[in-house]
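Welcome! Please take a moment to look over the sequence and the 3D view before reading on.

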Amino acid sequence: MSVKLTEEMLSALPDARGHFGAFGGRFVSETLMDSLMILEQEYSRLKQDPEFQARFDKELADYVGRPTPLYFAERLSRETGGAQIWLKREDLCHTGAHKVNNTIGQALLASFLGKKRIIAETGAGQHGVATATVCARLGLECHVFMGAEDVQRQSLNVFRMKLLGATVHAVESGTKTLKDAMNDAMRDWVANVDDTFYIIGTVAGPHPYPLLVRDFQSVIGRETRRQALEKTGKLPDALVACVGGGSNAIGLFYPFLSDESVELYGVEAGGLGIDTGKHAAPLCAGRPGVLHGNRTYLMEDENGQIAGTHSVSAGLDYPGVGPEHSWLKDIGRANYVSVTDDEAMEGFRKLTRVEGIMPALESAHAVAYAIKLAATMDKDQTVVINVSGRGDKDINTVANLEGIEI
Amino acid sequence: MSRIEGVLTALKGQGRKALIPYITAGDPHPDVTVDLMHTLVKAGADIIELGVPFSDPMADGPVIQLACERALVHGTSLRQVIAMVKEFRESDASTPVVLMGYLNPMEAMGYEEFADAAKDAGVDGILTVDLPPEEADEVIPLFTQRSLDAIFLLSPTTTDERIRAISEHSSGYVYYVSIKGVTGSATIDVDEVASKVNHIHELTALPVGVGFGIRDAETAEAVGRVSDGVIVGSVLVDTIARNQADTDQLKRALTDLLHPMREALDSLAS
């Protein structure tokens, strides 16, 4: 059951305390409260500031390379035999993923606030690379926290970050993945709150992060909306995006939320299968709780301890999700589904072989689901997949899975 | 008058300062926690802060992170921690116990059920690191109705306006985090702490406990001089880590650490 969302309803969210319905908020230790309140005030001022917005738009155009194309995947559509499949090519952004839309925005915020030291967490390494890149661009000191397991899985991105001048901190605590990287980034922030800006990579975290990351990423959906109208003469019938924390998905979805005819599909990492418990799909199989500064759907045990996650894709390997997605799930505006590691690998191979586009393993989850979905739809309908990143960084993982040594 | 208020009022009447040790429940093993709590009392504790282990303790440094991991290996749950307090209460009716931890285990248990169980077990106060008063509308009344003290943190970055607002939501005492950083990290600047705590005293009538960075008799005395109590955590937890194989040795080591702090604090008695 879906709720009709009006522009008026949407502009009232999140509320003054950062809540999207029952989700979101600001659950942090007292030391960070002052910084978050200042960030919220400054952001709401800069959001209205033409100079800031012009600078942001210019960076997106000249540095990121926007707008990214909306590409008609003709062969894939024909082979699938259903709806027309279109690809939003975020993989063509500078640095190879949508992450840079947000890091440019937040790094500009940091500059406007006079903070010279940047910290970030990263899973797959795309957000780390995007952060290191904009820090190089703006002359800011950069520290990236990355789970020790991810450092192993994504050694190419670790090297890229180092080349860009960032210090990469391998996090050995907990499960040694993205959630632990985020814990350590927050610990660093508490200790260095005076001179440090924390660039969070996804739409999670304490208010105002889910708001500002969504705003910076919404360029994806605004372009898609305009391009779809230009190229197909109508709005898409369905949008499909992968959801880890959910920044590429919210970026695509947000400008369409009040378009009732547009179905939204967020694809979570089903790992080895939801029923095995080895997955990273809090919206499909979790329950609401509080982690990393916000209330949202989480993977946790019966005692409220955060559960370990599994996904072939490091970027989706996170036990929480952005609070706005939790809200969209509960009001029934968006559908959240999952595909397994194997299905995602199949999607990766298919897009590579049929369209000559190698998606990130994260994006391959969206590809896999969209192919299934499109097959059930009519030929005159359209599906847009957010190809949130390119797959070069995953070559080692793919090779390992196929037993090949590079 | 709550048990916490009673103890702090009595100490104040004697011109003495509260010694408030912290240990993580279930560390090194759930079976020894109650025994360790009694050890802390014998060594001079006025109030015990009992940590509820959490998988993602974002405000804690490596020492307490590892304590959480040791406790969670044995599956120490919030319900078990409450049961430990109940057992402790069977032979200690006077020492207040504050549960300190993160919100999610409480949320998973259900706030009302948690508040009932905590009250029934003889818990006196609740300190939730990642729950600022702004998000606590739902839980504060549940605590207040059961005479459980809601204890909130103040930090070096807390503005005057917030100090007033937070104090209004607090009872028992307020916990001043003496440094910007996680538990067990930096060395404190005593002069800076003194000036901030004096300022907090101007803004609230509640007793002020100071924690983070107190590791020996010297720092305890310096901080005790300006506050109503000192909270000692990481140095005790580190001692637990180093003596986890032998409980008797561990109890002696904890006593050896706390005794000099107790004496140093009592030397301040006027």
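This briefing looks at two contacts, one between domains and one between chains. Keep in mind that the model is predicted.

**The two domains of chain A**
- The domain assignment splits chain A into domain 1 (21-60 + 99-213) and domain 2 (67-96 + 218-401).
- If you take the centres of domain 1 and domain 2 of chain A over C-alpha atoms, they are 22 Å apart.

**Where domain 1 meets domain 2**
- Domain 1 of chain A brings 37 residues to this contact, and domain 2 of chain A brings 37 residues.
- On the domain 1 side, the elements of chain A that supply two or more residues are the strand β2 (23-27) and the helices α5 (99-113), α6 (126-138), α7 (148-153), α8 (155-163), α9 (178-191) and α10 (209-217).
- The top contributor on that side is β2(A), which gives five residues.
- Sorted by class, the domain 1 side of chain A that touches domain 2 holds 17 nonpolar, 16 polar and four charged residues.

**Where chain A meets chain B**
- Here, 28 residues of chain A and 33 residues of chain B take part in the contact.
- On the chain A side, two or more residues come from each of β2, α2 (30-47), α9 and β11 (287-291) of chain A.
- This time α9(A) gives the most to the chain A side, with six residues.
- By class, the chain A side that touches chain B has ten nonpolar, ten polar and eight charged residues.

**Elements to look for in both contacts**
- Try finding β2 and α9 of chain A: they are listed for the domain 1 side that touches domain 2 and also for the chain A side that touches chain B.

Notes. Residues are numbered from 1 along each chain as its sequence is written. Chains are lettered from A and ligands numbered from 1 in the order in which they are written. This is a predicted model: local features need pLDDT of at least 70, side-chain atom pairs count only at pLDDT 80 or more; totals for chains, interfaces and linings use all residues. Domain bounds come from an automatic or database domain assignment. Two residues are in contact if their C-beta atoms, placed from the backbone, lie within 7 Å. Helices (H or I, at least four residues) and strands (E, at least two) are DSSP runs, numbered from the N terminus. Ala, Val, Leu, Ile, Met, Phe, Trp, Tyr, Cys and Pro count as nonpolar, Asp, Glu, Lys and Arg as charged, and the others, Gly among them, as polar.
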